[in-house]
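These exercises ask you to read strands, helices and single residues from a model. Work through each task before reading its solution.

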Amino acid sequence: RQTAPRPGKTRVMTVSNQKGGVGKTTTTVNMAAALATFGLRVLVIDNDPQGNASTALNIEHRGDTPGTYEVLIDGTPLREVVQPSPDIKGLYCCPATLDLAGAEIELVPMVSRETRLRNAIHRYLAETEAAGERFDYVFIDCPPSLGLLTINAFAAADEVLIPIQSEYYALEGLGQLLNSIDQLRGYLNPNLEVSTILMTMFDKRTNLSKDVQDEVRQHFPDQLLSTVIPRSVRISEAPSFNKTVLSYDPEGVGAVAYKEAALEMAKQGASTNGN
Ligand code: ADP
Ligand code: MG
């Protein structure tokens with residue numbers, strides 16, 4: 001069985017892009033699943049009211065299921081809401097329900113409204129580490145906006161993973177995301193860095209995909225993974241079976257690409273934190 005290096009400390013990564021439909025959720029669940037199948041302990045926090053990550057990971061998230069909303073608004077400990085994946089050992093998920101849409105507004109008047117997720121994650125990571133069950137990776141799947149949910153994710157994370165769709169206008173709005181990250185760094189999280197960029201829905205047959213990739217590489221030579229995720233119908237079908245593409249089509253190009261990307265990211269992380 002293939003393995004991946006464990007990071008020196010838990011890597012908390014927010015998967016962000018202010019555009020919708022670029023592959024944030026797909027990247028979150030498949031990178032997480034890949035790392036778990038490589039033997040690592042991985043937590044996915046579904047921070048999008050759509051709950052698409054919960055769906056793809058086959059995690060219960062009916063209206064009354066406690067999840068990210070309760071963590072942010074009621075201060076419920078993650079320990080009480082995190083569920084193990086029924087399919088993949090080592091993979092865990094804090095689910096999201098539609099309630100979470102309300103959190104965007106309900107957070108506004110709250111004390112430490114920007115750092116509630118960070119506090120919850122730090123507490124949970126300390127508890128699990130003390131119990132000898134240290135997480136290697138935490139992925140936070142964000143909605144396509146720069147509201148308080150996303151800000152909570154930026155405040156909680158060490159790293160930003162940006163999926164970029166290989167199409168025209170892919171970089172449009174990216175400047176805004178980078179500006180927000182810069183601002184966040186100043187007042188909430190000085191350590192936050194854009195560590196990883198992944199090209200998704202890549203089409204080898206078109207010059208367009210290559211052109212976008214070249215442009216991204218000019219801006220982010222160190223962050224851009226050399227592995228790209230191809231456009232694949234299997235990848236898009238998997239969630240409707242409550243599966244990641246790794247279980248839905250294990251030998252297919254999508255599963256292979258996500259495993260390769262996850263391994264590349266794990267190696268990069270292992271070398272940058274002196275492991
Ligand atoms: P986001 O979370 O950024 O809104 P999603 O991950 O939900 O984006 O992806 C948007 C849509 O594109 C979904 O229907 C998803 O299944 C599909 N999709 C994502 N990645 C791929 C891919 N590599 N090939 C084909 N379809 C994809
Ligand atoms: Mg999504």
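**Exercise 1. The sheet**

In what order do the strands of the open sheet lie, and what is the sense of their pairing?

Solution. Begin with the ground rules. This is a predicted model, in which local features need pLDDT of at least 70 and side-chain atom pairs count only at pLDDT 80 or more, while totals for chains, interfaces and linings use all residues. Residues are numbered from 1 along each chain as its sequence is written, and chains are lettered from A and ligands numbered from 1 in the order in which they are written.

Step 1. Fix the terms. Helices (H or I, at least four residues) and strands (E, at least two) are DSSP runs, numbered from the N terminus. Two strands pair if DSSP finds at least two bridges between them.

Step 2. Read the order. The seven strands of the open sheet follow the order E3-E4-E2-E5-E1-E6-E7, and the pairing is mixed.

Step 3. Find the edges. Strand E3 (83–84) and E7 are the edge strands, each pairing on one side only.

**Exercise 2. Pairs inside the sheet**

Which residues are bridge partners where E2 pairs with E4 and with E5?

Solution. Step 1. Take E2 and E4. Strand E2 (residues 42–46) runs parallel to strand E4 (residues 91–94), and four bridges join them. The partner of Val 42 in E4 is Leu 91.

Step 2. Take E2 and E5. These two also run parallel, joined by five bridges. Here Leu 43 has Val 138 of E5 as its bridge partner.

Step 3. Go on to E1. Strand E1 (residues 11–15) pairs with strand E5 (residues 137–141) over five bridges, in the parallel sense. Thr 14 has Ile 140 in E5 as its bridge partner.

Step 4. End with E6 and E7. Seven bridges, in the parallel sense, pair strand E6 (residues 159–165) with E7. Val 160 is opposite Val 194 of E7.

**Exercise 3. Cover on the strands**

How many residues of E2 and of E7 are buried?

Solution. Step 1. Set the cut-offs. A residue is buried if 20 or more other C-beta atoms lie within 10 Å of its own, exposed if 12 or fewer, and partly exposed in between; C-beta atoms are placed from the backbone.

Step 2. Count in E2. Five of its five residues are buried. Both faces are covered, with Val 42, Val 44 and Asp 46 buried on one side and Leu 43 and Ile 45 on the other.

Step 3. Count in E7. In strand E7 (residues 193–200), six of the eight residues are buried.

**Exercise 4. Two buried residues**

Why does Pro 163 count as buried, and why does Ala 262?

Solution. Step 1. Place Pro 163. Pro 163 lies in strand E6, and it is buried because 23 other C-beta atoms are within 10 Å.

Step 2. List its contacts. Two residues are in contact if their C-beta atoms, placed from the backbone, lie within 7 Å. Beyond its neighbours within four places in sequence, Pro 163 contacts residues including Val 15, Val 22, Lys 24 and Leu 198. Pro 163 and Ser 16 are 147 residues apart in sequence, yet 7.3 Å apart in space, C-alpha to C-alpha.

Step 3. Place Ala 262. This residue is in helix H11 (residues 253–272), and it counts as buried because it has 29 C-beta neighbours inside 10 Å. Leaving aside neighbours within four places in sequence, Ala 262 touches Ala 4, Met 31, Ala 34 and Leu 35 by the contact rule.

**Exercise 5. Two positive phi values**

Where do Asn 58 and Asn 242 lie, and is each buried or partly exposed?

Solution. Step 1. Take Asn 58. It has a positive phi of about 60° although it is not a glycine. Its place is the loop between helix H2 (52–56) and helix H3 (68–74). Asn 58 counts as buried because it has 20 C-beta neighbours inside 10 Å.

Step 2. Take Asn 242. Its phi is also positive, near 55°, and it is not a glycine. Asn 242 sits in the loop between helix H9 (233–237) and helix H10 (245–248). With 16 C-beta neighbours inside 10 Å, Asn 242 is therefore partly exposed.
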